[in-house]
Amino acid sequence: MTDFAATRALFHLPEGVIYLDGNSLGPLPLAAQTRVGQVLREQWGDQLIRAWNDSDWMALPARVGDRIARLVGAPPASVVTGDTLSIKVFQALAAALALAPPDRRVVLSDSGNFPSDLYIADGLLTALGGRELKVVAPEEVADAINESVAVTMLTEVDYRTGRLHDMAALTARAHAAGAITVWDLAHSAGAIPVHLEQADADFAVGCTYKYLNGGPGSPAFIYVAPRHAGVAQPILSGWLGHAEPFAFERGYRPAPGIERMRVGTPPIVALSILDAALDAWDGVDMGELRAASIRLTETFIREVERRCPTDDCGLALASPRDPHARGSQVSFRHDHAYPVMQALIARGVIGDVRAPDILRFGFTPLYLSEAEVVQSATILADVIDTRAYEAPEYQHRAAVT
Ligand SMILES: Cc1ncc(COP(=O)(O)O)c(C=O)c1O
Ligand SMILES: Nc1c(O)cccc1C(=O)C[C@H](N)C(=O)O
C-alpha cells in the first residue's frame, strides 16, 4: 500500500498554505535540496570536468528517463530527458511527420491543446510547407481522424478543464487510419496512470515541473516507441544525439535508440534535482495514486457545490463530472475568476487561473490531505459569499498567472 503520509513528509510545504497548484509547479522535495548541494560541492566543485566520467553525468538524461518510464507505462530505454517541453513537441512532431505516409497533409489537434503545442506545429508546418494544422473541438477528434491525417498531436489532459482523452482508443483509431500519434503528457505524468506501451502510442512528450516536482524549468522528456526508436529522425540533430559524439565526425549518425532524441549538453544541476525529486515516486502504486486523486477531486467538487450552488455563487464546474473523464485537476468557471483566486491565495489556498474565467485547482495525493481539500472548499465559499474578491488589492493582474 502506498503510504501517502510518508510521501507528504518528503516535501517542503510552507506553513499556512494549502497547495492546489502542483499541476503547474510542484513543491520542493527535501531530497532535491540535499542533492543539489552535493552536486554543486562534490561534483562540479571538486571533480570539475572529471565529473562527466566520475559522476557519470553523461548517462543522467537516460537514467532519469528510465525512472519516468515506469510512471508512464513505457519500457526501459524508451524515454530520455532534456530541453523544454516545447522543444520536445517540435522533435516528436517532426519525427512523426517523417514517419507518416508522404501523401498525408493534415496534423490533427484540438482546441483544448496548450497554445505552445499549436504554435510549435504552426512554425514547423510553415517551415516544411505543404501541410496544414487542423484544430477541432476535443469531442470531435475521433470523428476527424481519417485518411488525410498524417499525425494526431493531442494533449491527454486538457490544461484548462482537466478533460481526459482516451489515449488507447484514439491511438487505435489513428493507427487504423494509417496516422502516427504524438501525445503530450504534461498534465498526465504523475497525475494519472499512463500506459504508453499498452496503448501502442508512437511518440509522447511531457514536462517534469508539474506533478513530478522537478522544479521551475526542469528538463522535459520524450518517449519513442521501441519499434520507431531505430528509425525515427531526430530532426534537431545535435551532437549528443550522435552515435559517437566524441568521435567528432563531420557527418551526423544518429544514436541507435532513444538517445538520438538528445540534442546538446544536459542540464546536470536541473537533472540531478529531478532525479532526487523522483525518489518520492519509489514505491508509489499508480493505481492507488489514481484512487486517492479521485477521492480528493470528488471531495472538492462535492464540498464546493454544497456550499456554493451555481445560481447563488456564479461558480460552474468546468471539468467533466465523471472522475474517469478528467485528470487530477478540477476547474470552475466564475466571472471574477482572477480576483477570486487572488483572495484565495491571500487566505493561503494557492491555485491559479486560466483566462478568461477558469479557476484551476490541482490535486496531488503525494502531499495533499482530504482535510485540506475540505478546508479549501470552505475558504472558496467564504471568499465568494462575502464578496471578499471585490477588494481593490485583488484587481491588479500579475504578469504571470
Ligand atoms: C500541455 C503543455 N504543453 C506544452 C507546455 C509548454 O512547456 P514548456 O514551457 O516547458 O516548453 C505546457 C506548459 O507550459 C503544457 O501544459
Ligand atoms: N510553464 C509555466 C511557466 O514557465 C510559468 C507559468 C506557468 C507555467 C505553466 O506550467 C503553464 C502550464 N503549462 C499550464 O498548464 O497552464
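The following paragraphs describe a strand with its paired neighbours and a helix packing in this predicted model.

Strand E7, which spans residues 149–155, offers a starting point. Seven of its seven residues are buried, so the strand is largely enclosed by the rest of the structure. A residue is taken as buried here if 20 or more other C-beta atoms lie within 10 Å of its own.

E7 has strand partners that can be traced in turn. Strand E5, formed by residues 106–110, pairs with E7 in the parallel sense, and three bridges connect them. In this pairing, Val106 stands opposite Val149 of E7. Strand E8, comprising residues 180–184, also runs parallel to E7 and is joined to it by five bridges. Here Val151 is placed opposite Ile180 of E8. Between E7 and E8 the chain passes through helix H8, residues 167–176, and the resulting β-α-β crossover is right-handed.

Attention now turns to a pair of helices. Two packed helices are described by the angle between their axes and the distance between the axes. For helix H2 (residues 30–47) and helix H11 (residues 268–277), the angle is about 145° and the axes are 8 Å apart. Their crossing is right-handed. On the H2 side, the contact is made by Ala31, Ala32, Arg35, Val36 and Val39. H11 contributes Ile268, Val269, Ser272, Ile273, Ala276 and Ala277. By character, the residues of this contact comprise nine nonpolar, one polar and one charged.

How values were computed. Residues are numbered from 1 along each chain as its sequence is written. Chains are lettered from A and ligands numbered from 1 in the order in which they are written. This is a predicted model: local features need pLDDT of at least 70, side-chain atom pairs count only at pLDDT 80 or more; totals for chains, interfaces and linings use all residues. Axes are lines fitted to C-alpha atoms, for helices over the stretch in contact, and angles run from 0 to 180 degrees between N-to-C directions. Helices (H or I, at least four residues) and strands (E, at least two) are DSSP runs, numbered from the N terminus. A crossing is left-handed if the near helix is turned anticlockwise from the far one by less than a right angle, and right-handed if clockwise. Two residues are in contact if their C-beta atoms, placed from the backbone, lie within 7 Å. Ala, Val, Leu, Ile, Met, Phe, Trp, Tyr, Cys and Pro count as nonpolar, Asp, Glu, Lys and Arg as charged, and the others, Gly among them, as polar. A residue is buried if 20 or more other C-beta atoms lie within 10 Å of its own, exposed if 12 or fewer, and partly exposed in between; C-beta atoms are placed from the backbone. Two strands pair if DSSP finds at least two bridges between them. A crossover is right-handed if, with the strands pointing away from the viewer, the path from the first strand over the helix to the second runs clockwise.
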